[in-house]
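Here are some short exercises to work through with the model open in your viewer. Try each task before you read its solution.

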Amino acid sequence: GPEEPLAGAVRFASLDLLIPWLAQAAVYLGNDSGVSHLAAACGVPVVAVFGPTDPQIWAPRGNVQIARFTDSIEQVTALVRTQLPSK
């Protein structure tokens with residue numbers, strides 16, 4: 001939560017400050033949350049990590065790859081790499 005210290009964390013007081021920051025991302029990696037939906041709505045490639053909920057129902061729409069909580073870090077990293085823009 002906002003009261004927890006996290007070195008280097010960027011915190012936003014409102015969504016209207018978060019949206020332009022998200023829109024500049026090359027790729028967004030996040031959990032099954034509203035921020036993942038916002039990133040996808042901004043047109044950012046997204047890797048969304050899902051736990052028990054059904055991504056066929058709840059996944060963001062757009063350029064989105066789905067990872068599961070049970071996936072290895074190598075699997076998640078591979079999905080992120082597929083979402084990075086080619087040079």
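**Exercise 1.** Find what alanine 40 touches, not counting residues up to four places away in sequence.

Solution. Begin with the cut-off: contact means heavy atoms within 4.5 Å. With that, alanine 40 touches Val46, Pro60, Arg61 and Val64. Bear in mind that this is a predicted model, where local features need pLDDT of at least 70, side-chain atom pairs count only at pLDDT 80 or more, and totals for chains, interfaces and linings use all residues. Residues are numbered from 1 along each chain as its sequence is written, and side-chain values use heavy atoms, with hydrogens and water left out.

**Exercise 2.** Identify the elements that each supply at least two residues of the largest nonpolar core.

Solution. A nonpolar core is a set of buried Ala, Val, Leu, Ile, Met, Phe, Trp, Tyr and Cys residues joined through side-chain atoms within 4.5 Å; buried means under 20% relative accessible area, exposed over 50%, partly exposed in between (1.4 Å probe, protein chains only). The largest core has twelve residues, including Ala40, Val46 and Val64. The elements sought are α1 (15–23), α2 (34–41) and β2 (46–50), taken from DSSP runs numbered from the N terminus (helices: H or I, at least four residues; strands: E, at least two).

**Exercise 3.** Is glutamine 83 buried or exposed?

Solution. First locate glutamine 83 in helix α4 (residues 73–83). Its relative accessible area is 7%, so glutamine 83 is buried. Then list its contacts beyond four places in sequence, among them Ala26, Pro45 and Asn63.
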